[in-house]
Amino acid sequence: MRIGRVRVLSAQKREQRRQGRRKAAARESKGRTVGRTEGSWVSDLAAIRQSILLCWACDAKWKGAKERLDYDEAKGWTKIWGGVVGKCDGCRQPGHQRRFYAHASISDGVFDR
Amino acid sequence: MKFSYSFSGNAPVVKKYQIGETWGSVTGIPAEIPTLSDTDGVLMCETTSCVDVVGVSTDVPVARNTAQQTSNADPATYVSLIVNPGVSYKAYLSGGATSGTALTALSNTVASTNGLLTTLALGTAYDDGYIWGATGANVRILRKVTAVAGTNETPIIAFPYDIAVGDTFYPATFGPGEAAGIQLTTALDEIDATADLQSTNNLRCVDFYQLDASEQDQGHRSYAEIVLLDHLFAGSIT
């Protein structure tokens, strides 16, 4: 349906999106299991080449890790927006200004350097 | 496709979601929520259909696993997605259904002194498409084709310089600001610039960065900025 220049979704489509958001929320990763050490969880993510989000505190701890050498940081995203929004893979805290890392083998397809 | 910018100026929002099917081996794949209740996890979109998109992938998940593991590790497999609605993504133009195919430069066979006629034998798929100069006087100048008849094409606005025999042009079936949808390559990470437009697809081009033949020879690629119109996290008004 269109009102003037604005397109309003139908009631059926709005309900479809509501259900879709519930499904998506149910399938979102819960992240690190409580009680598990932070470093081992990030190492597991690195072992399967997953993207890694870290807050400033956890990022400092990961700097010296061996697997950090296999990752590229999205420095452009940090420079423009201060980082990405999401849940830190180390301390599980959601928030802004997370550093984003993509494995070097795929980072060219994720961001420009 | 890669995150380019958000229309609201927001930073990328990244979340990890369980996958519901075997995933592709590249990044930049749009993911959608399944409509069937017996599918558990997000699915890859189709080349001609992107409905209720959750986001665009930023990594390649390991092979999907449903069986219990001997180590008692969690068998669920996840993919990271950029979930912002209202985002422009940078997607390279492919000269075919396979990602990475170079665009084919077509040679003009009849000279035009008014810049309003090219003879590239494009075909009807390029009616209302776009062409830009690869070599010759009109390099990188983009024009919309209003009519295709036989081997002739008519741009709406004239090219600024005369078109000589042997000048080459790159064609694309879509362009910025068009109402019709774009088709993705089979790997879902680039745009098939040769496919006819799809009325069912919810991908729209908002900007176009066309390169000439010398730039393409140096390994650079033309790309388009595209938006995913049917996004799960968009508001009720689009």
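A salt bridge here is a side-chain nitrogen of Lys or Arg within 4 Å of a carboxyl oxygen of Asp or Glu. Keep that in mind as you explore this predicted model.

**Stop 1: the whole interface.** Color chain A and chain B separately, then select the residues where they touch. You should find 35 residues from chain A and 44 residues from chain B in the contact. Together the two chains bury about 3,300 Å², and 52% of that area lies on carbon and sulfur atoms.

**Stop 2: the charged pairs.** How many salt bridges does the rule find across the interface of chain B and chain A? There are nine. To see one of them, select A:Asp112 and B:Lys90: their side chains meet in a salt bridge, with 3.0 Å from N to O. Now widen the view to polar contacts, where the count between chain B and chain A is 24 residue pairs, both residues at pLDDT 80 or more.

**Stop 3: the side of chain B that touches chain A.** Select three strands of chain B: E1 (2–6), E2 (13–18) and E6 (78–82). Each supplies at least two residues to this side. Which strand gives the most? That is E2(B), with six residues. Try coloring this side of chain B by residue type, and you will get 22 nonpolar, 14 polar and eight charged residues.

**Stop 4: strands across the chains.** Stay with E2(B) and add strand E5 of chain A, residues 84–87. These two strands pair in the parallel sense over two bridges. Finish by zooming in on A:Gly86, which stands opposite B:Val14 in E2(B).

Methods: Residues are numbered from 1 along each chain as its sequence is written. Chains are lettered from A and ligands numbered from 1 in the order in which they are written. This is a predicted model: local features need pLDDT of at least 70, side-chain atom pairs count only at pLDDT 80 or more; totals for chains, interfaces and linings use all residues. Side-chain values use heavy atoms; hydrogens and water are left out. Contact means heavy atoms within 4.5 Å. Buried area is the accessible area (1.4 Å probe) that two parts lose on being put together, summed over both. A polar contact is a pair of N or O atoms within 3.5 Å; within protein, one must be able to donate a hydrogen and the other to accept it, and residues adjacent in sequence count only if both atoms are side-chain atoms. Helices (H or I, at least four residues) and strands (E, at least two) are DSSP runs, numbered from the N terminus. Ala, Val, Leu, Ile, Met, Phe, Trp, Tyr, Cys and Pro count as nonpolar, Asp, Glu, Lys and Arg as charged, and the others, Gly among them, as polar. Two strands pair if DSSP finds at least two bridges between them.
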